[in-house]
Amino acid sequence: MGMAEFVLTAVGTLAGVVGTYFSYASVRGRASRRTPPPPAGSTAPEPPPAGNPPAYDVYVSHSPADAPWARTFAARLRASGLRVADDEVVRAPGGVRVHAVEQAVRDSAHGLLVFSAQSTDDGWVLQEYAALMERSIESGRLFIPVLVGDAVLPEFARTRFSADFRDADDDTYARKLEQIVRALQNG
């Protein structure tokens with residue numbers, strides 16, 4: 001190898017090293033900008049520690065229009081001994097709604113969604129439905145559709161046995177509630 005070839009090889013190698021360094025520096029800078037640190041006081045969700053039991057037996061999703069019915073329903077589930085996560089539990093002043101809901105879904109063993117005419121048009125409920133259905137499919141956790149009012153179930157929700165509370169009298173309500181409680185306890 002002559003001196004000219006040696007110099008060209010050395011310059012080429014040096015150019016490759018310099019180019020690789022600047023490419024790395026460029027990507028490292030962009031990657032760190034994509035995931036900014038959470039703001040001070042943020043309630044960003046933490047993954048649950050491995051091996052710990054879920055904090056809640058069930059997460060109850062509902063639209064704001066169904067809140068009175070859902071709050072009474074969640075209270076009756078609690079009275080039956082279940083640990084229930086819903087809007088009342090996850091809401092905290094100054095918290096970030098998406099993080100709180102995400103953490104509650106993650107911390108719940110199972111999911112339940114109150115379907116009504118209003119719920120299928122609510123963006124938050126649709127996001128929660130997607131998360132609850134995905135967890136059910138991927139991990140075998142229960143997903144229970146609960147029908148109230150003029151509910152029409154989406155196709156994937158129709159693959160699950162639902163609890164129909166439309167036009168339920170007191171006895172029917174109590175019987176269906178007990179069925180849900182047993183399913184969640186045995187789930």
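Contact here means heavy atoms within 4.5 Å. The model is predicted, so local features need pLDDT of at least 70 and side-chain atom pairs count only at pLDDT 80 or more, while totals for chains, interfaces and linings use all residues. Residues are numbered from 1 along each chain as its sequence is written, and side-chain values use heavy atoms, with hydrogens and water left out.

Select L112 to begin: leaving aside neighbours within four places in sequence, L112 is in contact with V58, Y59, V60, S61, F73, L132, I144, V146 and I180. Apart from L112's own core, a core of 18 residues includes Y59, V90, V105 and L153; a nonpolar core is a set of buried Ala, Val, Leu, Ile, Met, Phe, Trp, Tyr and Cys residues joined through side-chain atoms within 4.5 Å, and buried means under 20% relative accessible area, exposed over 50%, partly exposed in between (1.4 Å probe, protein chains only).

Now select the largest nonpolar core, which has 20 residues, those with the most contacts inside it being F73, L77, L112, V146, F165 and I180. At least two residues of this core come from each of strand 1 (56–61), helix 2 (67–79), strand 3 (108–115), strand 4 (143–147) and helix 6 (170–186), helices (H or I, at least four residues) and strands (E, at least two) being DSSP runs numbered from the N terminus. Helix 6 gives the largest share, five residues.

Move next to S61 in strand 1, which counts as buried because its relative accessibility is 0%. Beyond four places in sequence, S61 is in contact with L112, L113, V114, V125, E128 and L132.

Finish at D167, in the loop between strand 5 (163–164) and helix 6. D167 has a positive phi of about 60° although it is not a glycine, and D167 counts as exposed because its relative accessibility is 83%.
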